[in-house]
Amino acid sequence: MAVIDVVQADMYRRHYLSGVGMSIGSLTVGSTAVSASDHLSVEIIETNAPVEGGSDLEVTAELENRSEEEVTEDIELVVGEDPEVVDSRTYSIEPNDSMTIDHFRFATYPVLQNDEFPVAIQAGGRSAETMVEVLGVDELDPQYAEPVREVSVRPESEIMFEVDTSMLEETDQIRWFVDGEHTLGPQSDRPSAYRNQTGWEFRILTFDSIGTHEVVAVADATENLRTSWEVTVAPDGNVSPSLDAARPATTEVPVEGDYELEVDVSTSGAELDRVIWWHHVAVSATTTDVSGTTDTASIEGGGLRDDSVDVWILDEDNVLTTEMAVWAFDEGATLDNGDESETDADGDSVTIIESNDPVTGGETLEVTATLENTSDETTTLDVELVVGEDPEVVETRSVTVASGSTEQVTLEFETYPVEQDDSFPVRVETAESADEREVTVYGTGE
């Protein structure tokens with residue numbers, strides 16, 4: 001998928017409206033008709049303009065068939081100075097009869113300043129047109145929205161946009177616009193569950209294309225308020241956070257018992273912020289705060305039979321990584337093979353914390369990892385960087401780590417100048433531990 005605080009008037013005129021509903025307004029307006037048929041007349045008889053930006057603009061029209069035969073026509077709703085058909089429906093009208101059409105409703109764009117534009121109904125070569133007005137809305141206080149107004153991410157990143165609904169009535173809605181277009185509501189029940197539990201409503205958006213994108217949320221309330229974000233998508237944007245390890249390591253865990261679910265998380269972009277734990281069946285969320293570039297989060301184990309747990313990891317810019325069904329609750333499950341970490345209590349632990357990917361083929365890829373010595377003695381570790389589906393050791397370093405201490409090491413290798421984009425695993429290994437992540441090399445196109 002997809003802000004600019006000052007949006008030009010021509011953008012407003014391109015994106016007044018989107019969506020279709022089922023009610024009409026109550027303001028009677030005049031309209032003009034251009035004759036192209038002696039049998040059909042078209043008239044706009046009502047709109048609910050003016051409306052506040054972000055609210056529904058509702059239109060109703062009347063068609064009259066003055067012929068002795070039934071008439072079937074495509075009825076089109078057209079908006080804008082540069083006319084755009086935004087809806088088309090087919091109706092049949094009996095001889096010498098009329099029909100009132102009241103099925104058109106649109107979510108207007110949340111403009112900052114008042115704006116006018118034409119709305120037309122076209123049918124059978126005839127057109128009726130009227131001008132409507134959308135009223136500008138005020139900006140929402142930044143404290144009621146997350147993340148910060150400007151975010152930079154890499155392609156295919158997900159961002160979780162949030163609006164505090166504490167100032168809204170229960171029936172008030174948040175409407176979302178991406179690059180001027182109204183987005184449809186989510187297909188899951190998680191946003192409403194999250195709003196009920198936290199008081200915040202969210203929308204997750206994925207950004208694929210390089211460039212700058214505008215996201216706007218408007219509270220459709222007594223007095224509409226909008227908040228906006230500018231999202232820059234670039235090869236050097238922030239990297240999404242990652243889940244480095246999950247304990248218990250088994251994917252099936254007991255329904256009951258005294259144990260914890262624990263994850264190691266990290267990021268090389270903005271610092272970590274939260275881990276959200278989702279139960280599928282209960283549709284409930286538990287939030288754990290995390291910080292820094294590496295951290296561990298945990299919650300008490302146990303759940304519902306046939307339930308599973310998703311883990312969402314967010315950094316301070318609300319850049320999101322979702323790990324689906326990390327655990328499933330099963331009445332017959334035990335922790336015999338899942339309550340120990342991948343490393344011994346006395347040994348070393350490796351965690352990749354960042355890399356400089358994506359890089360262009362032929363450039364140097366750097367992978368940085370932390371080495372933790374959990375033993376009682378100082379130890380010297382041989383650390384290897386292994387790359388590829390057919391693993392190849394490309395660099396080896398010796399690092400001395402004091403007892404109970406952590407050291408950081410950066411390993412690197414020169415990537416091959418591939419013609420097309422390529423993704424492959426990289427792995428940092430010691431004799432007792434290892435960590436792996438996927439990296440991307442951009443093709444040179446030659």
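## Backbone exceptions in the loops

With a relative accessibility of 64%, above the 50% cut-off, Glu-156 counts as exposed. In this predicted model, Glu-156 sits in the loop between β14 (150–153) and β15, and its phi is near 70°, a positive value in a residue other than glycine. Asn-96 also has a positive phi without being glycine, here near 50°, and its place is in the loop between β8 and β9. The relative accessible area of Asn-96 is 49%, and Asn-96 is therefore classed as partly exposed, given that the exposed class begins over 50%.

Two cis peptide bonds can be described alongside these residues. One runs from Ala-49 to Pro-50, with omega near 0°, and Pro-50 belongs to the loop between β4 and β5 (51–52). Another joins Arg-247 and Pro-248, with omega about 0°, and here the proline lies in the loop between β21 (242–247) and β22 (252–254).

## A buried glutamate in β15

Is Glu-162 buried or exposed? Glu-162, which lies in strand β15 (residues 157–164), counts as buried because its relative accessibility is 3%, and the cut-off for that class is under 20%. The side chain of Glu-162 makes a polar contact of 3.0 Å with the side chain of Tyr-194, and a polar contact of 2.9 Å joins the side chain of Glu-162 to that of Asn-318.

## Strands β7, β8 and β10

Strand β7 has pairing partners in both β8 and β10. With β8, the pairing is antiparallel and extends over nine bridges, and Val-79 has Glu-84 of β8 as its bridge partner. These two strands form a hairpin with four residues between them, and in the turn Gly-80 has a positive phi of about 100°. With β10, strand β7 again pairs in the antiparallel sense, over four bridges, and Val-78 has its bridge partner in Ala-120 of β10.

Val-85 is found in strand β8 and, at 43% relative accessibility, counts as partly exposed. The C-alpha atom of Val-85 is separated by 9.4 Å from that of Gln-122, a residue 37 positions away along the chain.

## Nonpolar cores

In soluble globular proteins, nonpolar side chains tend to be buried together. The largest nonpolar core in this model has 29 residues, and those with the most contacts inside it are Leu-57, Leu-63, Ile-75, Val-119 and Ile-121. Which elements each supply at least two residues of this core? They are β4 (40–47), β6 (56–65), β7 (71–79), β8 (84–93), β9 (97–108), β10 (115–123), β11 (126–135) and β19. The strands β7, β8 and β10, whose pairing is described above, are thus among the contributors to this core.

A second core, separate from the one just described, has 22 residues, including Val-359, Leu-371, Leu-381 and Val-409.

## The largest cavity

The largest cavity has a volume of about 30 Å³. Its lining consists of Leu-140, Val-163, Ile-174, Ala-217, Val-218, Ala-219, Leu-225, Arg-226 and Thr-227. The elements that give two or more residues to this lining are β19 (211–220) and β20 (225–233), and β19 also appears among the strands that each supply at least two residues of the largest nonpolar core.

What is the make-up of the lining by class? Seven of the lining residues are nonpolar, one is polar and one is charged. Among the residues listed, Arg-226 belongs to the charged class and Thr-227 to the polar class.

## An open sheet of five strands

Five strands form an open sheet in the order β30-β36-β35-β32-β33, and the pairing is mixed. Which strands are at the edges of this sheet? The edge strands are β30 (359–360) and β33 (392–401), each of which pairs on one side only.

Within this sheet, strand β35 (residues 422–429) and strand β36 (residues 434–442) pair in the antiparallel sense over eight bridges. In that pairing, Glu-429 stands opposite Ala-434 in β36.

Notes: Residues are numbered from 1 along each chain as its sequence is written. This is a predicted model: local features need pLDDT of at least 70, side-chain atom pairs count only at pLDDT 80 or more; totals for chains, interfaces and linings use all residues. Side-chain values use heavy atoms; hydrogens and water are left out. On a 1 Å grid over the protein atoms alone, a cavity is a set of points where a 1.4 Å probe fits but cannot get out, and a pocket is an open set with protein on both sides within 12 Å along at least five of seven lines; lining residues have an atom within 4 Å of a point. Grid points are joined across faces, edges and corners, and a volume is the space filled by probe spheres set on the points. A nonpolar core is a set of buried Ala, Val, Leu, Ile, Met, Phe, Trp, Tyr and Cys residues joined through side-chain atoms within 4.5 Å. Buried means under 20% relative accessible area, exposed over 50%, partly exposed in between (1.4 Å probe, protein chains only). Two strands pair if DSSP finds at least two bridges between them. A polar contact is a pair of N or O atoms within 3.5 Å; within protein, one must be able to donate a hydrogen and the other to accept it, and residues adjacent in sequence count only if both atoms are side-chain atoms.
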